[in-house]
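Notebook open, model loaded. I want to go through the salt bridges and the helix packing and jot down what turns up.

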Amino acid sequence: MEEINKYVKDDEDIAFEYELQRSPDDIQAWVHYLDRSKEQNKNGHKSNEGVLWLFRRYVNQFINNVDVWFVFITWICDSYPNMNYMDISTLYNEGIENCGTKSEKLCLKYLKFAIEKNDLALIRQSFDISLSSLSKILHYKLWEQLLIYIKDTVIPLIKTTSQGEKSQAEQFSDLIKNILKKENEIVDTDEDPTHRVNIWVSTFLERYLIVCPKDEIVDTLLLLGSTNDTNRIKTLFEKYLFKDGDFKNKSEVKDIPYSLNIVYLNALYELN
């Protein structure tokens with residue numbers, strides 16, 4: 001009762017409310033009501049809280065509709081630019097859980113959102129929940145986004161940081177802000193943060209090698225070589241290139257590039 005008094009402002013709002021009482025599953029009635037409320041919000045006649053009140057009812061009415069969640073979260077991001085991004089992450093998780101296998105556009109938007117925040121722990125979380133929600137035929141869309149980020153952002157940052165280019169320090173600091181942290185985990189503050197990023201990347205690349213097309217194995221192993229995760233490099237190179245352990249190519253990769261051999265030999269040298 002209190003919310004009705006607070007957020008229903010005029011006769012037109014009342015008419016919309018009666019329409020929703022008569023036809024609560026009429027999605028167009030909700031959309032028209034929301035459009036009017038958002039327009040009133042732009043004109044200063046209705047607060048964000050008033051629009052939010054209506055949006056939450058809309059989402060609850062169509063809890064399994066991915067388009068409803070998509071519009072809702074987009075509006076939240078636009079209307080509350082200073083909201084803690086982990087609160088927005090919670091909305092994405094809730095939407096994906098409710099929409100299940102139909103949540104493709106929400107999953108892709110969530111992963112993009114996490115990547116834009118440069119929060120590696122959130123990227124892992126968004127990727128994993130999306131992977132488990134979508135059918136396998138759609139997984140390539142998630143991998144495509146993630147691999148572009150690894151290749152174009154993370155690997156170059158690792159290289160420039162290891163070379164001591166201080167201009168990258170602030171960006172790299174943001175990147176590792178929450179990396180690999182779990183609830184109640186005790187993080188070793190003396191650990192080289194570059195190593196933590198390397199492990200984050202190499203873990204994902206190990207997972208990708210299981211599902212990647214055969215013609216992408218070489219490029220993926222080359223990316224793996226950039227991580228300096230010597231144990232994983234040795235294990236995966238031997239799994240995908242030197243299958244019998246005698247350093248002879250027994251894999252489906254017919255011609256191993258010189259650069260791959262150098263990466264593998266460097267890993268063996270480091271481990272010995």
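Which aspartate does the side chain of arginine 207 meet in a salt bridge? I looked it up, bearing in mind that this is a predicted model. The partner is aspartate 128, with N and O 3.0 Å apart. I then checked where the two sit: arginine 207 is in helix α11 (residues 193-211) and aspartate 128 is in helix α8 (residues 120-133). That is a separation of 79 residues, so the pair links distant parts of the chain. Arginine 207 comes out as partly exposed at 28% relative accessibility. Aspartate 128 is partly exposed too, with a relative accessible area of 31%.

**Entry: the overall layout**

I stepped back to look at the whole chain. I get 14 helices and 0 strands. Reading from the N terminus, the elements run α-α-α-α-α-α-α-α-α-α-α-α-α-α. Of the 272 residues in the chain, 43% are buried. I also looked at contacts with a separation of 6 or more: residues 24 or more positions apart account for 56% of them.

**Entry: salt bridges towards the N terminus**

The count of salt bridges is 14. I went after a group of them next: Asp10, Glu12, Asp13, Arg36 and Lys46 are linked in a network of salt bridges.

Inside that network I took arginine 36 and aspartate 10, whose closest N and O atoms are 2.8 Å apart. Arginine 36 belongs to helix α3 (residues 27-42), while aspartate 10 is in the loop between α1 (2-7) and α2 (11-22). The two are 26 residues apart, and the pair links distant parts of the chain. Buried or exposed, I wondered, for arginine 36? Buried, with a relative accessible area of 17%. Aspartate 10 is partly exposed at 24%.

The other pair I looked up is lysine 46 with aspartate 13, a salt bridge of 3.1 Å from N to O. Lysine 46 lies in the loop between α3 and α4 (48-61), and aspartate 13 is in helix α2, 33 residues apart. I noted that lysine 46 is buried, its relative accessible area being 7%. Aspartate 13 is buried as well, and here the value is 0%.

**Entry: α5 against α6**

I moved on to helix packing. Helix α5 (residues 66-79) and helix α6 (residues 85-99) have axes 10 Å apart and an angle of about 175 degrees. Angles over 145 degrees count as roughly antiparallel, so α5 is roughly antiparallel to α6. On the α5 side I listed Val66, Trp69, Phe72, Ile73, Ile76 and Cys77; on the α6 side, Ile88, Leu91, Tyr92, Glu94, Gly95, Asn98 and Cys99. Sorted by class, the residues of this contact are 10 nonpolar, 2 polar and 1 charged.

**Entry: α12 and its partners**

Then I turned to α12. Helix α12 (residues 217-225) packs on helix α13 (residues 230-240) at about 165 degrees, the axes being 10 Å apart. The two are therefore roughly antiparallel, and α12 passes α13 in a left-handed crossing. From α12, Ile217, Leu221, Leu224 and Gly225 take part, meeting Arg232, Ile233, Leu236, Phe237 and Tyr240 of α13. I sorted these residues into 7 nonpolar, 1 polar and 1 charged.

What about helix α14 (residues 258-271)? Its axis comes within 10 Å of the α12 axis, and the two cross at roughly 40 degrees. That makes α12 oblique to α14. The crossing with α14 is left-handed. Here the contact is made by Val218, Leu221, Leu222 and Gly225 of α12 with Ser259, Leu260 and Val263 of α14. By class I have 5 nonpolar, 2 polar and no charged residues. I put a mark beside Leu221 and Gly225, listed for the contact with α13 and again for the contact with α14.

**Entry: serine 226**

Last lookup: serine 226, in the loop between α12 and α13. At 18% relative accessibility, serine 226 counts as buried. Which residues does serine 226 touch, not counting those up to four places away in sequence? I found Ile155, Ile158, Lys159 and Asn198.

Note on methods: Residues are numbered from 1 along each chain as its sequence is written. This is a predicted model: local features need pLDDT of at least 70, side-chain atom pairs count only at pLDDT 80 or more; totals for chains, interfaces and linings use all residues. Side-chain values use heavy atoms; hydrogens and water are left out. Axes are lines fitted to C-alpha atoms, for helices over the stretch in contact, and angles run from 0 to 180 degrees between N-to-C directions. Helices (H or I, at least four residues) and strands (E, at least two) are DSSP runs, numbered from the N terminus. Angles under 35 degrees count as roughly parallel, over 145 as roughly antiparallel, 65 to 115 as roughly perpendicular and the rest as oblique. A crossing is left-handed if the near helix is turned anticlockwise from the far one by less than a right angle, and right-handed if clockwise. Contact means heavy atoms within 4.5 Å. Ala, Val, Leu, Ile, Met, Phe, Trp, Tyr, Cys and Pro count as nonpolar, Asp, Glu, Lys and Arg as charged, and the others, Gly among them, as polar. A salt bridge is a side-chain nitrogen of Lys or Arg within 4 Å of a carboxyl oxygen of Asp or Glu. Buried means under 20% relative accessible area, exposed over 50%, partly exposed in between (1.4 Å probe, protein chains only).
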